[in-house]
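Biologist: I would like a close look at one part of this model, with the rest brought in where it helps. Please keep to what can be read from the coordinates.

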Amino acid sequence: MGYLLVKDIVSPPAFFLEIEQLLELFGFFLLIIIGIELLETIKAYLKDKVVHSEIVLEVALIAIARKVIILDLKEYDSIVILGIAALIITISLSYYIVRGKLRIDLSNTPDQKP
């Protein structure tokens with residue numbers, strides 16, 4: 001990533017990055033973050049022998065955020081954009097539930113008497 005940054009900065013016009021270059025650099029930065037998060041997932045699995053679903057959901061959110069940032073809206077139909085939006089909402093809600101911020105108690109339904 002450092003090589004790409006230096007290459008883009010020194011190429012004419014010097015010290016001026018175009019939108020495509022910025023998106024490329026940011027995409028590589030997010031790819032590095034995804035790699036680090038995947039390493040954390042493997043480390044957590046080897047330590048506890050349990051897959052931590054919140055870490056997996058974090059990686060999925062970072063990956064879909066990377067896709068959205070580098071997405072060219074002219075190349076995709078509106079149904080694909082809606083699908084990506086639904087995926088973001090689903091992963092976000094799953095992460096919210098897994099983190100314990102939203103507790104759903106199914107043991108005491110209104111039909112049953114306590």
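Biologist: What is the relative accessible area of Glu40, and how is this residue classed, buried or partly exposed? Please start there and work outwards along its helix.

Modeller: Glu40 has a relative accessible area of 35%. The cut-offs are under 20% for buried and over 50% for exposed, so Glu40 is classed as partly exposed. Bear in mind that this is a predicted model. Its average pLDDT is 79, and 81% of the residues reach at least 70. Confidence is not even along the chain: helix H1 (residues 2-10) has the lowest mean, 70, while helix H4 (residues 78-98) has the highest, 91.

Glu40 belongs to helix H2, as does Lys43, 3 residues away, or about one turn of the helix. The two form a salt bridge, with 3.5 Å between the closest N and O atoms. Side chains of opposite charge can pair when their charged atoms come close. The two partners differ in class, because Lys43, at a relative accessible area of 52%, is exposed, whereas Glu40, at 35%, is partly exposed.

The model has 2 salt bridges by the rule used. Besides the pair in H2, there is one between the side chains of Glu54 and Arg99, again at 3.5 Å from N to O. That pair ties together distant parts of the chain: Glu54 sits in helix H3 (residues 53-69) and Arg99 in the segment after H4, 45 residues apart. Both ends are partly exposed, Glu54 with a relative accessibility of 26% and Arg99 with 41%.

Back in helix H2, Glu37 is another acidic residue, but its setting is not that of Glu40. Glu37 is buried and has no salt bridge. The nearest side chain of opposite charge is Arg99, 10 Å away, and a salt bridge needs nitrogen and oxygen within 4 Å, so that pair does not qualify. Leaving out residues up to four places away in sequence, Glu37 touches Ile55, Glu58, Val59 and Ile62.

Thr41 is also in helix H2. With a relative accessibility of 17%, Thr41 falls under the 20% cut-off and therefore counts as buried. With the same sequence neighbours left out, Thr41 touches Ile55, Val56 and Val59. Ile55 and Val59 thus appear in the contacts of Glu37 and of Thr41.

Helix H2 (residues 19-48) also gives the most residues, 5, to a nonpolar patch on the surface. The patch is formed by Ile19, Leu22, Leu23, Phe26, Phe29, Ile69 and Ile70, and together they have about 570 Å² of accessible area. One of them, Phe29, lies in helix H2. Patch residues must be over 30% in relative accessible area, and Phe29, at 38%, passes that limit, which means that a residue classed as partly exposed can belong to the patch.

As for the whole, the protein has 4 helices and 0 strands, in the order α-α-α-α along the sequence. Of its 114 residues, 17% are buried, Glu37 and Thr41 among them. The accessible surface comes to about 8,900 Å², with 68% belonging to carbon and sulfur atoms. Among contacts between residues at least 6 apart in sequence, 52% join residues at least 24 apart.

Terms used:
Residues numbered from 1 in each chain as written. Predicted model: local features only at pLDDT ≥ 70, side-chain atom pairs only at ≥ 80, totals over all residues. Heavy atoms only, no water. pLDDT = per-residue confidence, 0-100. Helix = DSSP H or I, 4+ residues; strand = E, 2+ residues; numbered from the N terminus. Patch = residues over 30% accessible without salt bridge, like charges linked within 9 Å, V, L, I, M, F, W, Y side chains within 5 Å. Areas by Shrake-Rupley, 256 points an atom, 1.4 Å probe, with all protein chains shown as cover. Buried < 20%, exposed > 50% of the residue type's maximum accessible area, 1.4 Å probe, protein only. Contact = heavy atoms within 4.5 Å. Lys, Arg positive; Asp, Glu negative; His and termini not counted.
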